[in-house]
Every structure is written in C-alpha cells, then in structure tokens.
Amino acid sequence: MHRRGLLAGIAALATGGCAKVADSGTGQALLGAAETWHMNAQRFLTGRNALATEFTRADISPFFRGNGTTAIDTPEYAAAKATDFANWRLTVTGLVAHPLTLSMENIRRLPQRTQITRHDCVEGWSAIGEWTGPQLATILRGATLLPSARFIVFRCADTLGGAPYYESIDLVDAFHPQTIIAHMLNGAPLPERNGAPLRLRVERQLGYKHAKYLTGLEIVSDLSDIHGGHGGYWEDRGYHWYAGA
Ligand SMILES: Nc1nc2c(c(=O)[nH]1)N[C@H]1C(S)=C(S)[C@@H](COP(=O)(O)O)O[C@H]1N2
Ligand SMILES: [Mo]
C-alpha cells in the first residue's frame, strides 16, 4: 500500500492545489471533503497513471480466498456455469456512441493484460494473484464514450442480503492501464468464488471496488439515481467511494 508514503507526503502539500478531479457538483456530492482530499492527494503524489505494485509468480498466494458472494444459487447461473459461460454476455450501455454486447469469446480475443497484484480487503486480509483480461480502456474505446460520460457503473449477477451488488469508478481509474476485466486467475478461468466468468480488477483500490460476476458496464454522468446513490453496494452502506489503497 502507498498509504504511508501518502501520509508522509501530505505534509508537503499546499492545501490549495488539489481540487481538480471532483470539482463538479456530482463529484462533490459523492465524495466527502476528506475523501476528495485523499483521492486528489494520492493522484497528485503518485501520478494519475502510477502503477500499483506488481509481484512475481513466486509471490502468488497458494489459495485466493473468496469474500462477499462466493457462489450464486440461481438456476440461470447454474445453467451458465454448466456451459462454461458460453452464453454469458457483458453489455456496455449508457453514454456511449456504440453500445456493445460482448461474449466471452469476444473478450478473450481482445488484447490481454496479465498482472500479479495484491488484493487488500478492508476486513483485514490480503492475497496475491495473477489476473488476465482486456484493459477496460480497450472496451471503452470500442464503445466510444460520449462527452457527458463521467463514471463506469459495474452491474453484477449476485445480490447480498437481497440487494444487487454494484460498483462504480471514474474515468481516471477506468482508463488506468491496470484496470482490466479479468476472466482468468493464476492462468485458469476464474473460479466461481472469485467472480466467474468476469470481474473487475482496479488495482489501486481496495477489495470491495473489484466487482465480481459482471453482467454489464453502464456509462453515466451521475450516480445519484442508482440504488442508494453513493456509487456502490458498500458505499450505500457507508464505505468510501474512493477506496485508494
Ligand atoms: N459481485 C460482487 N463483487 C464483489 C463482492 C461481492 O460480494 N459481490 N465482494 C467484494 C469484496 S468486499 C471483496 S474483498 C472482493 C473479494 O474478491 P474475492 O472473492 O475474489 O476474494 O470482491 C468484491 N467484489
Ligand atoms: Mo472486501
């Protein structure tokens, strides 16, 4: 984590210079003042495209545990799993010039990125895994964002306590090189517990941002009318929207 460097560096920052990213109404409503400070300070100190640490194969955790939803008990998901997700689709809708419906085959044929990174869950555990999939940027370029696009909303196939899991990130993280739509963990298709067949990896953020069981990407200008209005399942229950680690 860069948090120690971040805290050390904050002292060196002048207070006035860091209010660019979330300067519109939506950004301000979404982010508390301290959270906005944290996001802008982190991006200022490390660069908006700074890479999260990547590890070697020797560092990979022998078992990458599952957390939150680890199995989906619906007939639809069982049927999808039985056919190795041959009919699974990832839709790309909202503020795009070209809405997309991608099959697993489409996703596997895009240029791929493989990265070995550490996942940090706020519940107090970490694991290192090797993830493979296309960069989200590639998919978004294919769809072509409209000028009003500001956030990517990730729709998931599961519910927790009856409410759909969902997440969102802004365009800085969406176009970051390590932000991928992963379909493989450690060289094999994603296990069910880790989000089969598709999950987000957004490596500079904490575990709950990494939405599993992806069914759709929705490009929006505003998060306030989606579910609880805070940009994610856990955010609607009090977690920070910007979970930079
Ligand atoms: N769809 C969905 N995505 C999710 C969750 C979930 O319950 N449902 N849990 C989140 C949390 S809190 C963490 S730490 C990671 C866990 O990823 P893992 O199951 O691969 O360890 O997934 C995140 N993404
Ligand atoms: Mo988590």
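**Burial, ligand shell and backbone of a predicted model**

User: Is Leu200 buried or exposed?
Analyst: The relative accessible area of Leu200 is 0%. Buried means under 20%, exposed over 50% and partly exposed in between, with a 1.4 Å probe and protein chains only. Leu200 therefore counts as buried.

User: What pLDDT must side-chain atom pairs have to count in this predicted model?
Analyst: Residues are numbered from 1 along each chain as its sequence is written, while chains are lettered from A and ligands numbered from 1 in the order in which they are written. Side-chain values use heavy atoms, without hydrogens and water; in this predicted model, totals for chains, interfaces and linings use all residues, local features need pLDDT of at least 70, and side-chain atom pairs count only at pLDDT 80 or more.

User: In which strand is Leu200 found?
Analyst: Strands (E, at least two residues) and helices (H or I, at least four) are DSSP runs, numbered from the N terminus. Leu200 has a C-alpha atom 9.8 Å from that of Gln135, 65 residues away in sequence. The strand that holds Leu200 is β10.

User: With which side chain does the side chain of Arg201 make a polar contact?
Analyst: Arg201 is found in strand β10, residues 199-202, and is buried at 0% relative accessible area. A polar contact is a pair of N or O atoms within 3.5 Å; within protein, one must be able to donate a hydrogen and the other to accept it, and residues adjacent in sequence count only if both atoms are side-chain atoms. At 3.2 Å, the partner of the Arg201 side chain is that of His210.

User: How much of the accessible area of ligand 1 does the protein cover?
Analyst: A nitrogen atom of ligand 1 lies 2.7 Å from a polar side-chain atom of Asp158. Oxygen atoms of the ligand lie 3.2 Å from a polar backbone atom of Arg193 and 2.9 Å from an N or O atom in the side chain of Asn194. On its own, ligand 1 has 530 Å² of accessible area (Shrake-Rupley method, 1.4 Å probe), and the protein covers 99%.

User: Which element gives the largest share of the shell around ligand 1?
Analyst: The shell has 22 residues, each with a heavy atom within 4 Å of the ligand; Arg65, Asn67, Thr69, Asp158 and Lys212 are the closest. Of these 22 residues, nine are nonpolar, eight polar and five charged. The largest share, three residues, comes from β5.

User: Is Arg108 buried, partly exposed or exposed?
Analyst: Arg108 has its place in helix α5, residues 104-109. Its C-alpha atom is separated by 8.0 Å from that of His183, 75 residues apart along the chain. Because its relative accessible area is 41%, Arg108 is partly exposed.

User: Which residue follows Ala196 across a cis peptide bond?
Analyst: Most peptide bonds are trans. The bond that starts at Ala196 has omega near 0 degrees. It leads into the loop between β9 (188-189) and β10, and the residue is Pro197.

User: What is the phi of Tyr213?
Analyst: Most residues other than glycine have a negative phi. Tyr213 lies in the loop between β10 and β11 (214-220) and is buried at 0% relative accessibility. Although Tyr213 is not a glycine, its phi is positive, about 55 degrees.

Methods: Nonpolar A, V, L, I, M, F, W, Y, C, P; charged D, E, K, R; others polar.
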